[in-house]
Amino acid sequence: MTLQQFMNEAISPWMRKEGPDSDIVLSSRIRLARNFVQVPFPIVANEEDELRIYDFMRERYEHVSFQDYEDFNFLSIGELSGVEKRVLVEKHLVSPHLIEKDQASAVLISKNEQVSIMINEEDHIRIQLYFPGFQLNQALEKAFELDDWLEENVDYAFDATRGYLTSCPTNVGTGMRASVMMHLPALVLTQQINRMIPAINQLGLVVRGIYGEGSEALGNVFQISNQITLGKTEEDIVADLESVVHQLIEHERRARERLLEQSGTRLEDRIYRAYGVLEHSRIIESKEAARCISDVRLGIDLDIIKHVQQHILNELMILIQPGFLQQYAKKSLTANERDVFRATLIRERIQLDK
């Protein structure tokens with residue numbers, strides 16, 4: 001299989017599209033946590049209870065379509081290899097928590113991979129819907145429609161006062177997590193991000209790394225999401241998040257302009273050195289690769305590098321991950337072998353743009 005063929009199969013179709021402010025906002029996501037009424041939640045459920053949910057979702061929704069989200073594929077977590085599980089996490093289709101679960105856990109994934117529905121994770125179902133760029137309201141609207149469609153066949157655990165009931169108290173209420181994935185290299189280079197994160201946290205939002213809670217902000221990519229789910233409507237939560245994201249976009253753009261004005265030659269040197277590392281390295285660790293990819297993407301956005309596609313960051317940040325490397329190699333790789341193979345894969349990908 002050629003790299004181009006592998007990419008066509010590996011990269012989610014929605015990730016190839018551009019959205020508003022896509023030079024800074026990579027994606028927008030809405031996640032809804034829901035539970036079945038009169039069935040013990042996964043944190044206390046036994047295997048028989050979880051299998052009831054598993055079988056119901058498989059029988060009702062496997063190979064079913066809803067609007068543009070066609071042919072939901074049902075994947076049983078217990079039937080997947082370790083590498084396959086890791087790839088699903090690296091593509092943000094499932095959470096790290098789900099792949100640690102047993103035979104009664106699964107995921108439904110639409111053909112374009114824009115929607116995934118995790119089954120028997122922390123809650124009975126967790127609906128995830130992604131849009132490219134900064135499109136939180138569009139994602140929320142579609143998530144509502146998808147939620148209503150599921151509720152035609154599912155009686156949700158809901159309290160008139162508390163809202164949707166969930167395993168974790170921090171999700172009670174709307175059961176919603178709205179988030180955006182942002183590329184903020186200029187705020188990192190100017191160290192402004194260090195004072196912004198505490199301020200964002202005080203607003204009831206949280207800043208995490210590329211794979212959510214407990215993960216690092218590899219490649220200057222940060223996930224911004226709401227913490228509060230109770231006492232506000234979904235629209236209010238999204239409006240609060242949008243306000244902060246707009247400010248971050250403005251600050252990032254200003255920081256990029258200042259870097260060009262005050263340190264233009266130094267910035268160009270950094271960007272071209274990063275490009276040289278990616279184009280010529282024979283061995284590269286994931287952190288160094290992520291840093292260089294971020295610098296090159298910044299160079300593309302600032303029109304310093306003109307012959308490389310903008311969505312290279314989206315692609316390479318997934319392709320360089322351990323699961324993808326081993327899936328492409330079709331074998332298990334040691335850490336050193338992954339570093340060598342990662343460098344090869346990056347060089348081949350850059351050649352595709354020439």
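This is a dialogue about reading salt bridges, buried residues and cavities in a predicted model.

Visitor: How many salt bridges does the structure hold?

Guide: Start with the general idea: side chains of opposite charge can pair when their charged atoms come close. In this predicted model, the structure holds 24 salt bridges.

Visitor: Which side chain does D21 meet in a salt bridge?

Guide: D21 pairs with R253, at 3.2 Å from N to O. The two partners sit in distant parts of the chain, 232 residues apart. D21 is in the loop between helix 1 (3-10) and strand 1 (25-34), while R253 belongs to helix 7 (residues 234-280).

Visitor: Are D21 and R253 buried or exposed?

Guide: The words here rest on cut-offs: under 20% relative accessible area is buried, over 50% is exposed, and partly exposed is in between. D21 has a relative accessible area of 25%, so D21 is partly exposed. R253, at 31%, is partly exposed as well.

Visitor: Which residues does the salt bridge between helix 7 and helix 8 link?

Guide: That pair is R270 and D295, whose side chains meet at 3.1 Å, N to O. R270 is in helix 7 and D295 in helix 8 (residues 286-301), 25 residues apart. With 31% relative accessibility, R270 is partly exposed. D295 has 2%, so D295 counts as buried.

Visitor: Which residues do salt bridges that share partners join into one network?

Guide: The network is made of E121, E122, D123 and R126.

Visitor: Where is N120 found?

Guide: N120 is in the loop between strand 4 (115-119) and strand 5 (125-132). A loop residue can be checked for accessibility like any other; N120 has a relative accessible area of 0%, so N120 is buried.

Visitor: Which backbone oxygens does the side chain of N120 reach?

Guide: One is the backbone oxygen of E50, at 2.9 Å. Another is the backbone oxygen of A104, at 2.8 Å. Leaving aside residues up to four places away in sequence, N120 touches P42, E50, I53, Y54, L98, K101, A104 and S105. E50 and A104 therefore appear both among the residues that N120 touches and as the owners of those backbone oxygens, under a contact cut-off of 4.5 Å between heavy atoms.

Visitor: How many residues of helix 9 are buried?

Guide: An α-helix has 3.6 residues a turn, so residues three or four places apart point the same way. In helix 9, 8 of the 8 residues are buried, so the helix is largely enclosed by the rest of the structure. The residues are I312, L313, N314, E315, L316, M317, I318 and L319.

Visitor: What does the side chain of E315 make a polar contact with?

Guide: The partner is the side chain of R16, at 3.3 Å. E315 lies in helix 9 (residues 312-319), and E315 counts as buried at 2% relative accessibility. Sequence distance and spatial distance are separate readings: E315 and L26 are 289 residues apart in sequence, with 11 Å between them in space, C-alpha to C-alpha.

Visitor: How many cavities of 30 Å³ or more does a search of the whole structure find?

Guide: Rolling a probe the size of a water molecule over the atoms shows where empty space is left. In this structure the search finds 3 cavities of 30 Å³ or more. The largest cavity holds about 280 Å³ of space.

Visitor: Which residues lie nearest the centre of the largest cavity?

Guide: They are W14, M15, L26, S27 and N314, out of 23 residues in the lining. Strand 1, strand 5 and helix 9 each supply at least two residues of this lining. Helix 9 gives the most, with 4 residues. By class, the lining has 12 nonpolar, 7 polar and 4 charged residues.

Visitor: Which residues line the second largest cavity?

Guide: The lining is made of L203, G204, L205, N226, Q227, I228, K232, I237 and D240. These divide into 4 nonpolar, 3 polar and 2 charged. The space inside is about 60 Å³.

Visitor: How do the side chains of D240 and K232 meet?

Guide: D240 and K232 form a salt bridge, at 2.5 Å from N to O. D240 has 33% relative accessibility and counts as partly exposed. K232, at 32%, is also partly exposed. Both residues belong to the lining of the second largest cavity.

How values were computed
Residues numbered from 1 in each chain as written. Predicted model: local features only at pLDDT ≥ 70, side-chain atom pairs only at ≥ 80, totals over all residues. Heavy atoms only, no water. Salt bridge = Lys/Arg side-chain N within 4 Å of Asp/Glu carboxyl O. Buried < 20%, exposed > 50% of the residue type's maximum accessible area, 1.4 Å probe, protein only. Polar contact = N/O pair within 3.5 Å; in protein donor to acceptor, adjacent residues only side chain to side chain. 1 Å grid on protein atoms, 1.4 Å probe; cavity = no way out; pocket = protein on both sides within 12 Å on 5 of 7 lines; lining within 4 Å. Points joined across faces, edges and corners; volume = space filled by probe spheres on them. Nonpolar A, V, L, I, M, F, W, Y, C, P; charged D, E, K, R; others polar.
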